[in-house]
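Good morning, colleagues. I should like to take you through one structure, beginning with its overall layout and then turning to its strands and its surface.

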Amino acid sequence: LIFNAHFEALDYKLPDIKYGKDWVKILDTSHDEPFSQSDVYKPYDVVKVAARSVVLLKHKIIYEESRH
């Protein structure tokens, strides 16, 4: 879960592989349809988080298992 309370967008660098190999964006409150995202990120990728918004990422394996 990434919070950005700042008035400008911020970049958030994801941690290394020991915390997860693939991450799926589940929620991005900066969009009109916040649950419509499904971007996939890798360790050390940078996630741009819009001003005054929240981004929720979920480990891809857990996300795929929960959809079955």
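Read from the start of the sequence, the elements follow the pattern β-β-β-β-β-β-α, that is, six strands and one helix. Please bear in mind that this is a predicted model. The protein has 68 residues, of which 32% are buried. Its exposed area is about 4,900 Å², and carbon and sulfur atoms supply 54% of that area. As for the contacts with a separation of 6 or more, 68% of them are between residues 24 or more positions apart.

Let me turn to the sheet. Four strands form an open sheet in the order 1-6-3-4, and their pairing is antiparallel. Strand 1 and strand 4, residues 40–41, stand at the edges; each has a single partner strand, so one side of each is left without a neighbour in the sheet. Within this sheet, strand 3, residues 23–28, and strand 6, residues 53–59, run antiparallel and are joined by five bridges. One of the residues concerned is Asp28, whose bridge partner in strand 6 is Val55.

Next, strands 2 and 5. Strand 2, residues 10–13, runs antiparallel to strand 5, and four bridges join the two. Here Leu10 has Val49 of strand 5 as its bridge partner.

Which side chains of strand 5 are buried? In this strand, residues 46–49, the side chains alternate: Val47 and Val49 point to one face and are buried, whereas Val46 and Lys48 point to the other face and are not. This is the general behaviour of a regular strand, in which side chains alternate between the two faces of the sheet. Val49 is thus a residue to look at twice, being buried and also the bridge partner of Leu10.

Finally, the surface, and Leu1 in particular. Leu1 lies in the segment before strand 1, which spans 2–4. Is this residue buried or exposed? Leu1 counts as exposed because its relative accessibility is 61%, and the cut-off for exposed is over 50%. Together with Phe3 and Leu56, Leu1 forms a nonpolar patch on the surface, and the accessible area of the three together is about 330 Å².

Which residues does Leu1 contact, leaving aside its neighbours within four places in sequence? They are Val54, Val55 and Leu56. Leu56 is therefore both a contact of Leu1 and, by the patch assignment, a member of the nonpolar patch. Leu27 is 26 residues from Leu1 in sequence, and the C-alpha to C-alpha distance between them is 9.3 Å.

Thank you for your attention.

Methods:
Residues are numbered from 1 along each chain as its sequence is written. This is a predicted model: local features need pLDDT of at least 70, side-chain atom pairs count only at pLDDT 80 or more; totals for chains, interfaces and linings use all residues. Side-chain values use heavy atoms; hydrogens and water are left out. Buried means under 20% relative accessible area, exposed over 50%, partly exposed in between (1.4 Å probe, protein chains only). Two strands pair if DSSP finds at least two bridges between them. Patches are made of residues with over 30% relative accessible area and no salt bridge: like charges are joined within 9 Å, nonpolar side chains (Val, Leu, Ile, Met, Phe, Trp, Tyr) within 5 Å. Accessible areas come from the Shrake-Rupley method with a 1.4 Å probe; for residues, only the protein chains shown count as cover. A salt bridge is a side-chain nitrogen of Lys or Arg within 4 Å of a carboxyl oxygen of Asp or Glu. Contact means heavy atoms within 4.5 Å.
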